[in-house]
Amino acid sequence: MNFCQTQIAGWLLAVASLGISSRAEEVATKANPVDAPVGKQVAPGVLLLGRISHPRITESSGVVASRRFPGVLWTHNDGGGGHKQVLYPITREGRSLGEFLVTGAVIDDWEDIAIDDAKHLFIGDLGNNEGKRSEVAVHQIDEPDPKSRAGFVPVRRAWHLRFPGQPCDCESLFVWNGCGYVVSKVFKDARAQIFRFPLNEQKKLVVLELVATTKIESPVTGADVSPDGTLLGLVAKSGAFVYRIHGDVARAAKAKPYQTRFRHEHIEGCCFVPEGLLATAESREIYLFTDDPFQWNERH
C-alpha cells in the first residue's frame, strides 16, 4: 500500500469510528435523558436537588412551577410586608433569577402560591396562627417574565374569604377548573379539610365551601394539583401525600392517599414537575419525591 492509499484508509477508519462514537453517544443520551432528575438521595423515593441561594429567601413557604418558562420555580417568604412581600424566580437547584415586589395589596401572612393555565399566579394570604383573623385573602397577579427588569408586579384581582365555621389556620392553596382551593392546617390528630371558592365571582366576601375531609392527620403545609388535574399532592410534617382525583377534588374525601414518609419539620411548599412532586423547606432545601404515584403523565 502506497502513502496515498495509507492516508485514505486511515481517513475512512476515522470516519467509521466517528460514526460509531456518534451512535454510541445517541444511545447513551436516550438512556440518560438530560432532564432526568439529578440529586442526592436522602431517603427512599426522596432526592435533595439543591439549596435556595438567595440571601433574602429565609423561609420559603410556597412554591409553584412556571408553565410558561421551563425550569423556573416561583417562591416567596412566609409572612407579609416589606421584603416578605416579594416574589422570587429560582431554578430547581436553588439559583436566584430575580425578584419582584408585589404591589397594590397588603399581604398579612403569605403562606402559599398557585398557578393556572392563563398566565396567572395566585398569592395565598392565608396564615392564621392563633385564629385571630376572621377573613383571609387570595390575590391574583400576572406571571412576570423572570428576565424582566420591572422589579414589581401589581395585584389584579382579590378574593376575601371566610371559613364556614370557626376560622382555620391554613398554609395551602391550589387552583383547578375555575376554582381556588385551600387546605386547613390542623393539629392534635384532626383531619385536614379542603375548601373551595369560585374564581369567577367578585363578591366583597366569599364563604368557603367544604369539599372534602381527608384522612391526613399531620399538619398540611403545601398543596398542588398536576397540570392535567389527575393528581392532588400535599406535603405535611410527616411526608408527602398524593391522591388520584382525575379532575374531581372531592374524591380526596374517600380515597386513600399514597404516602412517602419523610419527617421534616420545615417542609412548607410543593408543586408538580414531570419527574414527581417538588417541595421546598423553610430551611432552604429543595426536595423531589420521585415514587411513581407522584409522576403525572398519560399512565395516570
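Are F122 and W159 buried or exposed? I looked up both in this predicted model. F122 is buried, and W159 is buried too.

**Aromatic pairs**

I then turned to the rings. The structure holds nine aromatic pairs. F122 and W159 make up one of them, and I noted this pair as tilted. Its centres are 6.1 Å apart, with 40° between the planes. I checked where the two residues sit. F122 belongs to strand β8 (residues 120-125), W159 to strand β10 (residues 152-162). The pair therefore ties together parts that are 37 residues apart in sequence.

Next I took F174 and Y181. Their pair is stacked. I read 4.9 Å centre to centre and 5° between the planes. F174 is buried, as is Y181.

I also looked for a cluster of rings. Y258, F262, Y287, F289 and F294 form one.

**Nonpolar cores**

Which residues have the most contacts inside the largest nonpolar core? I listed F174, Y181, V183, I194, L232, L234 and V249. This core has 22 residues. I went through the strands that feed it. β11 (170-176), β12 (179-184) and β15 (209-213) are among those that each supply at least two of its residues. So do β16 (220-225), β17 (231-236) and β18 (239-244).

I followed Y181 further and left out residues up to four places away in sequence. Y181 touches S172, L173, F174 and W176. It also touches I194, F195, R196 and F197. V211 and V249 complete the list for Y181.

There is a second, separate core. I counted 18 residues for it, including A114, V136, V182 and V206.

**K237**

Where does K237 lie? I found K237 in the loop between β17 and β18. Why does K237 count as buried? Its relative accessibility is 12%, and buried means under 20%. I then listed its contacts, leaving aside neighbours within four places in sequence. K237 is in contact with S218, P219 and T221. Further contacts of K237 are F262, R263, H264, E265, I267 and E268. F262 also belongs to the aromatic cluster noted above.

**The five-stranded sheet**

What is the strand order in the open sheet of five strands? I read β1-β2-β22-β21-β20, with antiparallel pairing. The edge strands are β1 (40-43) and β20 (267-273), and each pairs on one side only. From one strand to the next, the twist averages 35°.

I looked more closely at one pairing in this sheet. β21 (residues 276-281) and β22 (residues 285-289) pair in the antiparallel sense. Four bridges join these two strands. L278 has L288 in β22 as its bridge partner.

**Positive phi**

I checked the backbone for positive phi in residues other than glycine. R284 has phi near 90°. I placed R284 in the loop between β21 and β22.

H246 is another case, with phi near 50°. H246 sits in the loop between β18 and β19 (258-261). Is H246 buried or exposed? H246 is partly exposed, with a relative accessible area of 42%.

Technical notes: Residues numbered from 1 in each chain as written. Predicted model: local features only at pLDDT ≥ 70, side-chain atom pairs only at ≥ 80, totals over all residues. Heavy atoms only, no water. Core = buried A, V, L, I, M, F, W, Y, C linked by side-chain atoms within 4.5 Å. Buried < 20%, exposed > 50% of the residue type's maximum accessible area, 1.4 Å probe, protein only. Contact = heavy atoms within 4.5 Å. Pairing = 2+ DSSP bridges. Axes fitted to C-alpha atoms, helices over the stretch in contact; angles between N-to-C directions. Phe/Tyr/Trp six-rings, centres within 6.5 Å; stacked < 30°, edge-to-face > 60°.
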